[in-house]
Amino acid sequence: MPRGNYPTDTTFGKRIRELTAEKSRVAKNVILRFLGQGSSAFIGDGSSTFFVGLYMIENKMQATAWTNHLAIGNEYALQKSDDVKLSHMDIFVAGGQIDRDLMMTYNQDAERYVGNWASKAQCVILSVRSLFADKGPAGMEQKSLSIKQEAVKTAMESGVKIIFVADHLKMSKGYTNEPLVFPAARDWKNAMEASNVYIVSTQHPDVTEEKLVKYPKDDKQWFQTNHWILSRTMQDRYIEV
């Protein structure tokens, strides 16, 4: 359970009180699958990622966590100061401008930290506002989106594993013009097929089998008609808990 008091009049305070059991289950699964003793991770802002950081702290993991998440730093600071086991855990918080509503740091200074850390972490763990099977993660909050874009760009260039964590409400059926984390749908497809991207959630995106076109005229037709094939080739990237 969090030790910090996060006001319900903030976006972050509201979100950590929604689907808490589900987000906790996802977080525990991420730790079991991807984060052992001696591991390192960049953890981005968000409510689902908060629970990953929280369980790392509560389990007193021997690990290094880099983050722009103020609440994760806060939870670490609120632990008992004489807890010897926590001395084996290092948490670094990106400097930058503070967004109290989202409990995060952002701006170009924060992005520089994120880019540096994402290149040397064993994995990058990010939350999503929406996730589309054919286009990938998206979000309307530009401050958070910019951090995710920097983390993804650097992790892809460095070959670092990327883990998106989400509750089932984030799994979306149809694209709704939200800004995307990946530059284009084909970048998302290439990233998924490169075997270094995973999605951990309690539900897969809704995918329907449609008529296939062998020689599509454009990208739009390709995704509309070959959606199921795309998802089938990437289905092992989804971890349902």
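Biologist: How many residues does helix α5 have, and what span does α5 reach from its first C-alpha to its last?
Modeller: This is a predicted model, with local features needing pLDDT of at least 70, side-chain atom pairs counting only at pLDDT 80 or more, and totals for chains, interfaces and linings using all residues. Residues are numbered from 1 along each chain as its sequence is written, and side-chain values use heavy atoms, leaving out hydrogens and water. Helices (H or I, at least four residues) and strands (E, at least two) are DSSP runs, numbered from the N terminus. The expected span, 1.5 Å times one less than the number of residues, is 18 Å here; α5 (residues 108–120) has 13 residues and reaches 19 Å.

Biologist: Which residue caps the N-terminal end of α5?
Modeller: A polar contact is a pair of N or O atoms within 3.5 Å; within protein, one must be able to donate a hydrogen and the other to accept it, and residues adjacent in sequence count only if both atoms are side-chain atoms. A side-chain oxygen lies 3.0 Å from the backbone nitrogen of Asp109, and the residue that supplies this oxygen is Asn107.

Biologist: Is Thr105 buried or exposed?
Modeller: Thr105 is found in strand β5, and its side chain reaches the backbone oxygen of Ala94 at 2.9 Å. Buried means under 20% relative accessible area, exposed over 50%, partly exposed in between (1.4 Å probe, protein chains only). Because its relative accessibility is 3%, Thr105 counts as buried.

Biologist: Which residues of α5 are buried?
Modeller: These residues pack against β1 (39–43), β2 (63–67), β3 (90–93), β5 (104–106), β6 (123–127) and α6. The buried residues are Ala110, Val114, Gly115, Trp117 and Ala118.

Conventions
Contact means heavy atoms within 4.5 Å.
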